[in-house]
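This report describes how aromatic rings and helices are arranged in one protein model. Please examine the structure below before reading on.

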Amino acid sequence: MARPKEDQALLQRALAHLGKADRDIGRAIAEIGPPPPRGRPATFMALLHVIVAQQVSTHAAAAIWRRFRDRLGGTIVPAGVLGLTDEDFRAAGFSRRKVEY
């Protein structure tokens, strides 16, 4: 797994390549700088957020997350998630495929 310093170097190389390949993007990077980092911590909560948000709108993901959190009494911990049934996940808005995850 790459370290943050290596990740930053890779990002800089990728942005330089992208800037050369697309003049408009190159100009934008030169004028306003590179995009801010958007990393996620390697935690259980981050994994759940990624699964919920995958291939749905931000609004839909937020609604699913609220229903999911509410089913767990407002506190999301691994033991609570393990106690949910497939029907609980589906009622919160998870697709059948996401329930399998």
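The model is predicted. Within it, Phe-94 has a relative accessibility of 4% and therefore counts as buried, the cut-off being under 20%. Phe-89 is likewise below that cut-off, so this residue is buried as well. The two values are set out here.

| Residue | Relative accessible area | Class |
|---|---|---|
| Phe-89 | 12% | buried |
| Phe-94 | 4% | buried |

**Aromatic rings**

A pair of aromatic rings is described by the distance of the centres and the angle of the planes. A search of the whole structure finds 4 aromatic pairs. One of them joins Phe-89 and Phe-94, whose ring centres are 5.1 Å apart and whose planes stand at 85°. This arrangement is edge-to-face, because the angle is over 60 degrees. Phe-89 and Phe-94 also belong to one aromatic cluster, together with Trp-65 and Phe-68.

**Two packed helices**

Trp-65 and Phe-68 appear again where helix α4 meets helix α3. Helix α3 spans residues 44-53 and helix α4 spans residues 58-71. Their axes lie 9 Å apart and form an angle of about 130°. That angle makes α3 oblique to α4. The crossing of these two helices is right-handed.

Which residues of α3 meet α4? They are Met-45, Leu-48, His-49, Val-52 and Ala-53, and their partners in α4 are Ala-61, Ile-64, Trp-65 and Phe-68. By class, this contact comprises 8 nonpolar residues and 1 polar residue, with no charged residues. The polar one is His-49, because His is not among the residue types counted as nonpolar or charged.

Note on methods:
Residues are numbered from 1 along each chain as its sequence is written. This is a predicted model: local features need pLDDT of at least 70, side-chain atom pairs count only at pLDDT 80 or more; totals for chains, interfaces and linings use all residues. Side-chain values use heavy atoms; hydrogens and water are left out. Rings of Phe, Tyr and Trp (its six-membered ring) pair if their centres lie within 6.5 Å; planes under 30 degrees apart count as stacked, over 60 as edge-to-face and the rest as tilted. Buried means under 20% relative accessible area, exposed over 50%, partly exposed in between (1.4 Å probe, protein chains only). Axes are lines fitted to C-alpha atoms, for helices over the stretch in contact, and angles run from 0 to 180 degrees between N-to-C directions. Helices (H or I, at least four residues) and strands (E, at least two) are DSSP runs, numbered from the N terminus. Angles under 35 degrees count as roughly parallel, over 145 as roughly antiparallel, 65 to 115 as roughly perpendicular and the rest as oblique. A crossing is left-handed if the near helix is turned anticlockwise from the far one by less than a right angle, and right-handed if clockwise. Contact means heavy atoms within 4.5 Å.
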